[in-house]
Amino acid sequence: RPRYEVVRELGAEEVRWFYREDRKTWKPFIGYDSLRIELAFRALGGSGGGGGGAGEPAAVEPVCVRSGLYEVDVASAESYPVYWNQSEKIPVMRGQWFIDGTWQPLEEEESNLIEQEHLNRFKGQQLQESFDMEISKPVDGKEAIHSLKLSRNHVDWHSVDEVYLYSDATTSKIARTVTQKLGFSKASSSGTRLHRGYVEEATLEDKPPQTSHIVFVVHGIGQKMDQGRIIKNTAMMRDTARKVEEKYFSNLATHVEFLPVEWRSKLTLDGDTVDSITPDKVRGLRDMLNSSAMDIMYYTSPLYRDELVKGLQQELNRLYSLFCSRNPEFEEKGGKVSIVSHSLGCVITYDIMTGWNPVRLYEQLLQKEEEELEESWMSYEERRLLEELYLTKQRLREIEERLHELKACTISKPPVLKFKVENFFCMGSPLAVFLALRGIRPGTSGSQDHILPRSICNRLLNIFHPTDPVAYRLEPLILKHYSNISPVQIHWYNTANPLPYEHMKPSFLNPSKEATSAPEGESASAAPSPTTSPVMVRRHYGESITNIGKASILGAASIGKGLGGMLFSRFGRSSAAPQTMETGKDGPEGDEKKATTVGTPPLPHSSSGFLEPTVELEHRIDFELREGLVESRYWSAVTSHTAYWSSLDIALFLLTFMYKQDQEETDKSNLDTI
């Protein structure tokens with residue numbers, strides 16, 4: 001980088017500010033952030049800029065950093081998050097002198113002393129020409145021209161730009177005398193080379209891209225004690241997504257931001273009653289159950305359900321309003337919002353979006369009872385009382401409506417959410433069970449509207465790990481025969497040129513078993529219900545297709561021909577099976593093909609006279625993570641429910657869908673529906 005010819009005070013662009021999280025190493029702010037912090041520091045009357053002269057230093061606005069997620073208070077040298085609360089403050093630090101190689105900053109006090117000494121001694125002096133060459137002459141044998149004693153170290157200047165830091169601890173003193181006697185140079189033996197000014201200059205161009213899409217990350221209820229968990233999980237997801245963005249989407253000028261929705265800690269619920277009645281014996285397992293099973297108990301309790309729904313709804317709206325107030329161009333430019341929910345968070349989010357309420361379900365049941373009552377035989381007196389009750393209820397309804405209208409004039413009811421949801425990603429979600437228990441049954445159209453209208457949310461995607469004990473499939477609630485079609489396999493992060501999801505053909509679960517074991521007429525009931533089996537028995541991805549029952553499928557196919565296809569109830573393959581089997585060869589390509597080729601032929605009509613279901617889903621909804629080849633089934637069942645946050649596969653999956661939509665909108669001419 002260009003150096004000034006003459007030694008003078010460091011420019012704002014040469015100073016670099018750092019922050020430190022979780023007591024790890026100091027991380028540099030990007031140029032745009034660092035420069036703005038330094039300018040605020042100088043406005044506050046910090047060194048270097050000459051300060052504001054006499055009088056009180058002016059109060060300085062906090063500086064917005066790290067894509068707008070944090071602010072820096074220069075006066076207290078601390079940083080804190082904007083959108084959520086965090087007990088631990090994040091220290092920030094002004095770097096002026098840096099350690100060679102790592103470019104970590106020296107502690108601020110030492111740095112200030114060295115800088116002051118350097119300016120006192122060398123200000124206005126010419127820098128050596130040879131500095132342009134990275135390999136400067138070794139300092140062996142060169143005497144120090146200037147020295148500064150610090151508390152535990154001292155600094156030697158061998159020339160204006162050859163500065164070394166030495167530790168004065170006793171051990172290294174011995175080491176030093178030994179090395180000097182042996183003729184080693186003082187500098188190279190135990191000294192650390194220092195650099196004045198950061199390795200690269202800070203510029204305002206080194207700036208984060210504009211956020212075009214925000215993702216609210218919603219947790220289940222979980223435990224009160226663990227408030228910070230969703231913040232940590234979201235941070236993992238954000239960091240993982242950043243890696244993926246850099247690798248696959250770096251050419252795009254937009255950016256997806258992840259915001260944690262920490263809504264649980266504001267609620268009182270039962271205080272600590274449940275905690276106090278939990279036996280202490282197997283605490284770890286109990287805590288796991290409390291945070292998953294207990295969630296569901298809280299949510300089905302009429303006492304707390306409304307509090308939970310309101311808590312989440314208010315926090316979503318608060319975050320959205322806060323984000324828009326800090327990013328006024330977000331709405332103007334048509335910024336989008338998606339939601340990623342985990343576990344029970346999926347159910348609560350769904351209920352907020354759709355406005356579902358158990359009271360309404362109860363009212364429907366009562367109405368049904370009334371209708372049944374009217375049809376049954378009853379005495380004159382019963383009939384008269386029933387009519388009176390009916391008229392009274394009608395009158396009550398009219399009065400309630402009038403009252404409601406009067407109230408509505410004074411306060412118009414705000415919409416439940418202040419934004420339209422673009423994508424609703426469920427992770428490890430029990431939503432399907434809740435919907436099934438609320439009476440939703442498969443329909444005849446392949447539309448998502450059957451469970452979540454597109455007018456409320458453009459796209460519903462259900463992601464799960466095959467061994468997650470809390471996850472259930474949604475597709476068979478829309479079309480029953482999808483219980484026999486395997487979920488779409490999520491691509492591994494490092495797959496080269498993966499097939500776009502919309503081009504992946506449905507593949508069947510257990511085509512061989514299905515073919516032989518389900519006799520005519522029983523096929524519909526024989527299929528496991530989507531709600532009772534979280535995840536279907538799964539083929540091992542580690543084996544090639546040729547190993548899994550090629551013979552049995554061929555055998556089944558020949559029986560099928562012989563019996564006129566009668567044994568082939570739904571999804572039978574008579575002539576198709578043998579050919580599809582041949583395509584799977586050993587090796588990774590075989591695995592890939594297997595996932596797509598088995599079951600590519602169109603669904604046939606069975607010769608047994610049943611009309612086969614040929615309706616397909618408009619969009620696939622169930623997406624399954626590929627299992628690692630090494631993980632143990634039992635171990636992964638315990639960890640899989642929380643393994644979503646740091647998965648590169650999931651980060652790529654989320655961004656693929658979000659960026660795809662953004663590009664489709666900018667490129668309407670080439671409309672390729674997902």
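Which strands does helix α5 lie across, and at what angle does α5 run to β13? Helix α5 (residues 229-248) lies across β12 (210-218), β13, β14 (336-342) and β15 (421-427). Its direction is at about 170° to β13. The model is a predicted one, and confidence varies along the chain, with a mean of 34 in helix α16 and 97 in strand β1.

## Overall make-up

The chain has 674 residues, and 45% of them are buried. Its secondary structure comes to 20 helices and 18 strands. Take the contacts between residues at least 6 apart in sequence: 75% of them join residues at least 24 apart.

## The parallel sheet

Seven strands make an open sheet with parallel pairing. The order is β13-β12-β14-β15-β16-β18-β17. Its edges are β13 (254-261) and β17 (488-489), and each of these pairs on one side only.

At one edge, β12 and β13 pair in the parallel sense over 8 bridges. I214 has E257 in β13 as its bridge partner. Strand β13 is mostly covered, with 7 of its 8 residues buried.

At the other edge, β17 and β18 (residues 622-624) run parallel and are joined by 2 bridges. Here Q489 stands opposite E624 in β18. Helix α8 (residues 305-326) also packs on this sheet. Helix α8 touches β12, β13 and β14, and its direction makes about 165° with that of β12.

## The antiparallel sheet

A further open sheet holds 5 strands in the order β7-β11-β10-β9-β8. The pairing in this sheet is antiparallel. The edge strands are β7 (97-99) and β8 (146-149), each pairing on one side only. From one strand to the next, the twist averages 30°.

Strands β10 (residues 162-167) and β11 (residues 192-196) run antiparallel and share 3 bridges. V163 has L194 in β11 as its bridge partner. Helix α2 (residues 108-122) packs on this sheet and touches β7, β8, β9 (153-159) and β11. The direction of α2 makes about 150° with that of β8.

The three helices described as lying on or packing on a sheet are listed here with their angles.

| Helix | Residues | Strand used for the angle | Angle |
|---|---|---|---|
| α5 | 229-248 | β13 | about 170° |
| α8 | 305-326 | β12 | about 165° |
| α2 | 108-122 | β8 | about 150° |

## Helix α2 in detail

How far apart are the end C-alpha atoms of α2? They are 20 Å apart. At 1.5 Å a residue, the 15 residues should span 21 Å, so the two values agree.

The buried residues of α2 are E110, S111, I114, E115, H118, L119 and F122. Seen down the axis of α2, the buried residues fall within an arc of 155°, so they line one face of the helix. They pack against β7, β8, β9 and β11. On the other side of α2, E109 and N120 are exposed. Just after the helix, G124 takes a positive phi of about 85°.

## Unusual backbone angles

Most residues other than glycine have a negative phi. A77 is not a glycine, yet its phi is positive, at about 55°. A77 lies in the loop between β4 (70-73) and β5 (78-81). Is A77 buried or partly exposed? A77 is partly exposed, with a relative accessible area of 26%.

W103 also has a positive phi of about 55° and is not a glycine. Its place is in the loop between β7 and α2. W103 counts as buried because its relative accessibility is 18%, and the cut-off for buried is under 20%.

## Confidence

The mean pLDDT of the chain is 76, and 69% of its residues reach 70 or more. Where is confidence lowest and where is it highest? Helix α16 (residues 550-562) is lowest, at a mean of 34, and strand β1 (residues 16-19) is highest, at 97.

Over residues 130-137 the pLDDT stays under 50. The model has 6 contacts beyond four places in sequence for that stretch. Residues 669-674 also have a pLDDT below 50. Beyond near neighbours in sequence, residues 669-674 have 12 contacts in the model. Where pLDDT is low, the predicted coordinates should not be read in detail.

Methods
Residues numbered from 1 in each chain as written. Predicted model: local features only at pLDDT ≥ 70, side-chain atom pairs only at ≥ 80, totals over all residues. Heavy atoms only, no water. Pairing = 2+ DSSP bridges. Helix = DSSP H or I, 4+ residues; strand = E, 2+ residues; numbered from the N terminus. Contact = heavy atoms within 4.5 Å. Axes fitted to C-alpha atoms, helices over the stretch in contact; angles between N-to-C directions. Buried < 20%, exposed > 50% of the residue type's maximum accessible area, 1.4 Å probe, protein only. Expected span 1.5 Å × (residues − 1). Arc of directions from axis to C-beta. pLDDT = per-residue confidence, 0-100.
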